[in-house]
Every structure is written in C-alpha cells, then in structure tokens.
Amino acid sequence: MDNSTKILIGSVATALLSLGAHTIGSTGSSFVDTLESKTQYELSNAGLDAVAVNFERDPAITRNAVLSGDVTEDQRNKALSIAENIPGIGNVRWADAGDGASDDGASDDGADAIADEPADRAVVAKCQSDINSITEGKNINFRSGSFYVPPTSFGLLDEIAAAIKPCKGVKLEVQGHTDLTGKADVNQRLSDGRAASVRDELIKRGLDPDRIVAKGYGSTQPVENARTSAANAKNRRTIFVIS
C-alpha cells in the first residue's frame, strides 16, 4: 500500500469515526466497519501491513477486535497497543489467543480469557495513579436524590475511560458514597444506583463490562463525620479503585 493510498484511507476512516464519536457505545454494522478501517489504516501506517484486523460479528456484531498475521512477538505487542488506543474499540486480542479447546476439553472464549488475565502490579499502580490525578478535585455531579449522570460530567468520564483502557488486565470497582444526611437505607440505594450509572457510562465509552463492578457504600465511609455543607460535599463522591 503506497503512502497516498494510506493517507486517503486514513482520512476517510478518521472522518467517519468522528461522526460516530457521540455514539461510542454503538455496535452498529457501519460503526464497526469504520472502526475496522481505521484500525487497519493505523496498523499499516505503523509498518504493520502483515497484520489484519477483523471484528467479532458472530453471533452478534461487537466492538471486539481480533488481530492476525505472521509477525514477531514485538510486532504483535505493537499491533495490540495500537488497536487498544483507538477510540470506540472494546476488547483486542490475537486470533490464536483463547481459540479452540482447553486441555481439559472445555471451550475457551477469547473475551473471557482476556477478562480473567490478572493485571501486573506495576500496571495497576500506574493506572490508579493516573485515575487519581484525573479525579483530583473533581467529582461526578448527580442531580439531588437521582442516579442521572448529567452531561457536565461526561468530560470527566471520557478522561477516566481513556486512562483505564490501555491498562491491560486491570479490574475497576466504581464506588458510590453519600453524605450522612437522610436514612441509611435510602443512602444505600442511592449509592448503589449512582455507582451503576457510572459503570454504564464507562461501558458506553468502550470499557469491558466484565472488568467493572459497581458497588454502593451508602453513608458508611464518610471522609468527614459531620453534616455541614462542606462535609456533605466531600462525603458525596464516586471513587474509582483499580485492582
């Protein structure tokens, strides 16, 4: 593929992908076709013409990319890294990773194999540090008594999702916390619902649902044991814990 062809394909794919940016959770055929073209262009542009990309479409269309090709281990890792950093892609795996039957005769699913792979401690620490930096002084701003995530928090969620996506093998617990006002059972339901809403938003942004757990803690873990306005503001929070 010559450079002029690469540029043309890349320009078209990038333009189409940008049109779908606001529907990042979509798994429609045209959106996935665009992701496939964009990924193939980025791989080719990085000198990885021998690597092919296909998205899982059976039994249903997904945003899970499957790479293949006769390349070195370093080239494999480079291709995986490129694909994982393309907005909109869910999981990325190599074609022979998790295919076929295991030694005990059980069938392996590629996505499950990736979800069960433990993360390296250094990766966990780096990812948690990145999330802490992003969320420092910021919070998800819910409407009073509501699970609804307002658009004013979408930018923060975009940053969080982008930071977690390259963290291979990590799991995320989205924690919901309330202030000390109100009844304990109401606070528990509220924190559960808010954590679940944030989880849903991160899944829309391409994170693997098998790696995210939502858990509400109600008012059981306050930052400040007080009911002042300042304490309430600190205690009402969403925490992201990487493991």
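Which two cysteines form a disulfide, and how far apart are their sulfur atoms? In this predicted model, Cys127 and Cys167 form the bond, with their sulfur atoms 2.4 Å apart. The structure contains one disulfide. This briefing also covers an open sheet of three strands and helix H7, which lies across strands S4, S5 and S6.

**Disulfide**

- The torsion about the S-S bond of Cys127 and Cys167 is about 95°, so this disulfide is right-handed.
- Distant parts of the chain are linked by the pair, whose members are 40 residues apart.
- Cys127 belongs to helix H5 (residues 121–135), whereas Cys167 sits in the loop between helix H6 (154–164) and strand S4 (172–177).
- A disulfide of this kind is a covalent bond between the sulfur atoms of two cysteines.

**Burial of the two cysteines**

- Cys127 has a relative accessible area of 0% and is therefore buried.
- Cys167 has a relative accessibility of 11% and also counts as buried, because the cut-off for burial is under 20% relative accessible area.

**Sheet**

- The open sheet has the strand order S5-S4-S6, and its pairing is mixed.
- Strand S5 (212–216) and strand S6 (237–242) are the edge strands, each pairing on one side only.
- From one strand to the next, the twist averages 20°.
- S4 and S5 run parallel and are joined by five bridges.
- Gly176 stands opposite Gly216, a residue of S5.
- Strands of a sheet pair through backbone hydrogen bonds, in either a parallel or an antiparallel manner.

**Helix across the sheet**

- Helix H7 comprises residues 184–204 and lies across S4, S5 and S6.
- Helix H7 runs at about 160° to S5.

Key:
Residues numbered from 1 in each chain as written. Predicted model: local features only at pLDDT ≥ 70, side-chain atom pairs only at ≥ 80, totals over all residues. Heavy atoms only, no water. Disulfide = S-S within 2.5 Å. Helix = DSSP H or I, 4+ residues; strand = E, 2+ residues; numbered from the N terminus. Buried < 20%, exposed > 50% of the residue type's maximum accessible area, 1.4 Å probe, protein only. Pairing = 2+ DSSP bridges. Axes fitted to C-alpha atoms, helices over the stretch in contact; angles between N-to-C directions. Contact = heavy atoms within 4.5 Å.
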